[in-house]
Amino acid sequence: MFIEDPKEGESGGGGRAVIGLIDVKRSAVGVGARALFYPTLLYNVVRNKCESGFHWWDEVDEVSHEV
């Protein structure tokens, strides 16, 4: 997202408030992402230790299978 500052002479009195609001939203998203990331990371590590068949990844064949 690209935000332009208002040019001189334009009435953009709320420009700073909009930029501040976007900073607050970006910070809230960052906090929410961290709040969800660490518990799910812990869950996946524990699940990987407990279940031998659980993989975080799948290997890809070199052979392509057409559908």
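Biologist: Happy to be looking at this one with you! What percentage of the 67 residues in the protein chain is buried?

Modeller: Glad to help, and keep in mind that this is a predicted model. A residue counts as buried when its relative accessible area is under 20%. Of the 67 residues in the protein chain, the buried share is 4%.

Biologist: Thanks! How many helices and strands does the protein chain have?

Modeller: The helix that holds F37 is α1, covering residues 15–50. For the protein chain, the secondary structure amounts to one helix and zero strands.

Biologist: And which atoms supply 60% of the area that the protein chain exposes?

Modeller: The exposed area of the protein chain is about 6,700 Å². The 60% portion comes from carbon and sulfur atoms.

Biologist: Nice. Which residues form the nonpolar patch on the surface?

Modeller: Let's start with F37, which lies in helix α1. F37 has 44% relative accessibility and so counts as partly exposed, and patch members need over 30%. Together the patch residues have about 370 Å² of accessible area. They are F37, Y38, L41 and V45.

Biologist: Now to charges: which side chain meets E51 in a salt bridge?

Modeller: Side chains of opposite charge can pair when their charged atoms come close. The structure holds one salt bridge, and its N to O distance is 3.5 Å. The partner of E51 is R47.

Biologist: Last one, then: are E51 and R47 buried, partly exposed or exposed?

Modeller: Partly exposed lies between the 20% and 50% cut-offs. E51 has a relative accessible area of 40%, and R47 has 29%. Therefore both E51 and R47 are partly exposed.

Methods:
Residues are numbered from 1 along each chain as its sequence is written. This is a predicted model: local features need pLDDT of at least 70, side-chain atom pairs count only at pLDDT 80 or more; totals for chains, interfaces and linings use all residues. Side-chain values use heavy atoms; hydrogens and water are left out. Helices (H or I, at least four residues) and strands (E, at least two) are DSSP runs, numbered from the N terminus. Buried means under 20% relative accessible area, exposed over 50%, partly exposed in between (1.4 Å probe, protein chains only). Accessible areas come from the Shrake-Rupley method with a 1.4 Å probe; for residues, only the protein chains shown count as cover. A salt bridge is a side-chain nitrogen of Lys or Arg within 4 Å of a carboxyl oxygen of Asp or Glu. Patches are made of residues with over 30% relative accessible area and no salt bridge: like charges are joined within 9 Å, nonpolar side chains (Val, Leu, Ile, Met, Phe, Trp, Tyr) within 5 Å.
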